Amino acid sequence: MSDTTHDGGVALGTPPSADEGLDAAQLAAKYGLTVSGARPGLIAYMRQLWGRRHFILAFSRAKLTAQYSQAKLGQLWQVVTPLLNAAVYYLIFGLILGTREGISHDVFVPFLVTGVFVFTFTQSSVMAGVRSISGNLGLVRALHFPRASLPISFSLQQLQQLLFSMIVLVAVAIIFGSYPSLSWLLVIPALILQFFFNTGLALVMARLGSKTPDLAQLMPFVMRTWMYASGVMFSIPVMLKDKPAWIADVLQYNPAAIYMDLVRFALIDGYGSENLPDHVWAVGVGWAVLLGVVGFVYFWKAEERYGRG
Amino acid sequence: MAEDNAQGRIPTVIADDVHIVYRVNGTGGGRGSATAALSRMMRRGKGEPRGVRKVHAVRGVSFTAYRGEAIGLIGTNGSGKSTLLRAIAGLLPTESGHVYTDGQPSLLGVNAALMSDLTGERNVVLGGLAMGMSQDEIRQRYQEIVEFSGINEKGDFITLPMRTYSSGMAARLRFSIAAAKNHDVLMIDEALATGDRKFRVRSEERIRELRKEAGTVFLVSHNNKSIRDTCDRALWLEKGELLMDGPTEEVLKAYERETGK
């Protein structure tokens with residue numbers, strides 16, 4: 001075992017004597033041993049993730065249930081929390097500040113509630129994403145699984161949370177005169193696209209947050225700025241009609257605004273296509289694919305490094 | 001064991017000059033005050049950030065483990081035993097050096113995946129999935145796991161949230177879930193010392209079973225008796241360095257002389 005022809009990758013360890021180092025690598029090669037904790041290829045990684053789909057789902061559902069398990073009302077909070085949330089925004093923006101300029105009252109209430117719920121979906125996915133690795137180091141350091149399971153699982157938890165919110169939203173829509181119709185089915189593709197977008201963003205944030213946990217302190221401010229800029233409680237074209245047109249365009253084509261508009265358009269009778277920017281579905285698909293792919297690859301690139309102190 | 005050393009033995013784990021360094025945030029630069037943090041940030045950018053302290057936990061450990069071996073890791077607290085195990089499992093990246101393994105070594109333990117707010121029932125499923133068992137496998141072994149843990153001996157506790165369990169009960173359930181899966185390379189980190197005497201006997205038996213099924217077993221423990229009982233080879237780590245590697249009896253004797261036991 002004295003030949004020195006071996007690929008450079010194995011000699012990186014700078015062993016005490018070159019002979020010994022080659023020995024270990026050659027021995028490993030001879031018996032088909034592989035480097036422990038090496039990053040798998042992208043395709044293999046996706047296959048591993050698919051193999052863990054039951055864990056991902058079970059983990060997200062467990063987190064969801066654990067959230068309210070100590071409360072007296074228990075799982076009822078899943079519905080009550082978004083309801084209270086919507087009530088607070090209605091009180092402040094609908095009644096006190098009157099940001100409903102250019103929108104009739106019957107449209108504004110479901111408009112606002114949709115905006116709040118849809119934005120919360122993205123917001124909480126991002127917030128959970130930032131902490132998904134750094135807040136679960138114990139799990140990462142104890143068990144073997146593709147790390148992307150965690151951010152994906154957290155976005156899935158938020159999706160399930162959103163489905164509870166949708167119960168409230170449907171009730172609000174009906175109370176304010178938008179009745180179930182075929183167009184309501186458009187909510188499904190819109191939310192699927194948003195889920196992909198959120199997951200991609202959560203994957204990006206998970207990698208950033210694993211390196212810099214401080215991001216968890218910073219993100220609430222970023223998210224709040226994003227929320228106020230996305231027209232959750234006002235109509236972007238109406239509010240910005242005196243400003244240069246490009247500002248409204250930028251705000252309208254930002255992903256949060258796109259997904260909010262898609263769901264509003266599907267649910268609310270008085271919110272027609274004249275309120276939507278051009279090519280809104282294409283843009284929605286574009287954001288979902290862009291973030292989904294970029295986020296996944298970006299996260300996978302650091303797979304073997306998660307869990308280092 | 002020594003005779004068949006050179007030939008005919010199949011290596012399952014090869015550690016080749018493994019170094020592991022932890023980086024700890026927010027310690028350096030004097031105290032944890034805001035001004036100290038700020039001045040740390042200002043100094044940033046020149047090589048290693050100042051606020052980060054490095055802990056060199058494992059320094060240049062090399063060894064080869066073979067199929068059928070049970071290896072005990074001994075050493076005082078903080079000598080790098082658990083860290084080394086995590087590196088072998090591929091859970092902690094090495095700073096330099098390589099760990100080659102046959103298949104995927106796994107640590108015995110699912111504590112981190114379990115949630116105290118969930119019922120024991122759901123935790124069995126969640127823990128099993130987290131360890132990579134399939135749903136069918138869990139369904140098949142569910143009864144076995146619950147019975148082994150003895151959780152239901154004092155009433156129907158498995159349907160209660162885990163936070164209502166006594167610490168001993170929780171530890172027993174955790175061990176039972178963790179021990180339900182068979183592993184190629186199995187690593188046990190002081191898991192033997194859980195529960196009451198009756199349960200300890202049962203768990204030691206289960207570990208022996210697992211050992212038979214597993215290719216190679218690593219055991220970290222401060223209980224020299226359990227190392228003597230289960231291991232035929234021992235590694236003695238001190239301050240992250242491998243002090244001694246040999247038959248259990250020899251290494252333990254030296255260790256006991258050193259620590260004065």
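These legends accompany close-up views of a predicted model with chains A and B.

**View 1. Chain A at a glance: helices and a lone strand.**
Let us start with the whole of chain A, whose secondary structure amounts to 13 helices and 1 strand. Read from the N terminus, the elements follow the order α-β-α-α-α-α-α-α-α-α-α-α-α-α. A box of roughly 85 × 50 × 35 Å along the principal axes holds the C-alpha atoms of this chain. Chain A has 309 residues, and 44% of them count as buried. Among contacts in chain A with a separation of 6 or more, 80% are between residues 24 or more positions apart.

**View 2. Two domains of chain A.**
Here chain A is shown by its division into domain 1, residues 1-35, and domain 2, residues 40-305. Taken over C-alpha atoms, the centres of domain 1 and domain 2 of chain A are 49 Å apart.

**View 3. Where chain A touches chain B.**
In this view, 35 residues of chain A make contact with 44 residues of chain B. On the chain A side, two or more residues each come from helix H1 (18-30), strand S1 (34-35), helix H3 (53-67) and helix H6 (137-142). Which element gives the most to this side of chain A? The answer is H3(A), with 7 residues. Sorted by class, the side of chain A that touches chain B consists of 17 nonpolar, 14 polar and 4 charged residues.

**View 4. A strand pairing across the two chains.**
Staying with the contact between the chains, we can look at how S1(A) pairs with strand S4 of chain B, residues 96-101. The two strands are antiparallel and share 2 bridges. Within this pairing, A:Thr34 faces B:Thr101 of S4(B). As a general reminder, strands of a sheet pair through backbone hydrogen bonds, in either a parallel or an antiparallel sense.

**View 5. The mixed sheet of chain B.**
Moving into chain B, this view shows an open sheet of 6 strands in the order S5-S6-S7-S3-S8-S9, with mixed pairing. Strand S5 (106-108) and strand S9 (241-247) of chain B are the edge strands; each has a single partner strand, so one side of each lacks a neighbour in the sheet. On average, and ignoring direction, neighbouring strands of this sheet are turned by 20° against each other.

**View 6. Strand S3 of chain B and its two partners.**
Take a closer look at S3(B), residues 70-74, a mostly covered strand in which 5 of 5 residues are buried. B:Ala70, B:Gly72 and B:Ile74 point one way from the strand, B:Ile71 and B:Leu73 point the other way, and all are buried. S3(B) pairs in the parallel sense with strand S7 of chain B, residues 216-220, over 4 bridges. In that pairing B:Ala70 stands opposite B:Val217, and B:Leu73 has B:Val220 as its bridge partner. S3(B) also runs parallel to strand S8 of chain B, residues 233-238, and 4 bridges join the two. There, B:Ile74 has B:Trp236 as its bridge partner.

**View 7. The surroundings of B:Ile188.**
This close-up is centred on B:Ile188, a residue of strand S6 (185-189) of chain B. Is B:Ile188 buried or exposed? With 27 other C-beta atoms within 10 Å, B:Ile188 is buried, because 20 or more such atoms is the cut-off for that class. Beyond its neighbours within four places in sequence, B:Ile188 contacts B:Leu108, B:Ile207, B:Val217, B:Phe218, B:Leu219 and B:Val220. One of these residues, B:Leu219, is 31 residues away along the chain, yet the C-alpha atoms of B:Ile188 and B:Leu219 are separated by 4.8 Å.

**View 8. Two residues with positive phi.**
Our last view puts two residues side by side, starting with A:His279. Although not a glycine, A:His279 has a positive phi of about 55°. A:His279 sits in the loop between helix H12 (255-267) and helix H13 (280-300) of chain A. Having 11 other C-beta atoms within 10 Å, A:His279 is exposed. B:Asp17, also not a glycine, has a positive phi of about 50°. B:Asp17 belongs to strand S1 of chain B, residues 11-24. B:Asp17 has 20 other C-beta atoms within 10 Å and is buried.

Terms used: Residues are numbered from 1 along each chain as its sequence is written. Chains are lettered from A and ligands numbered from 1 in the order in which they are written. This is a predicted model: local features need pLDDT of at least 70, side-chain atom pairs count only at pLDDT 80 or more; totals for chains, interfaces and linings use all residues. Domain bounds come from an automatic or database domain assignment. Two residues are in contact if their C-beta atoms, placed from the backbone, lie within 7 Å. Ala, Val, Leu, Ile, Met, Phe, Trp, Tyr, Cys and Pro count as nonpolar, Asp, Glu, Lys and Arg as charged, and the others, Gly among them, as polar. Two strands pair if DSSP finds at least two bridges between them. A residue is buried if 20 or more other C-beta atoms lie within 10 Å of its own, exposed if 12 or fewer, and partly exposed in between; C-beta atoms are placed from the backbone. Axes are lines fitted to C-alpha atoms, for helices over the stretch in contact, and angles run from 0 to 180 degrees between N-to-C directions.
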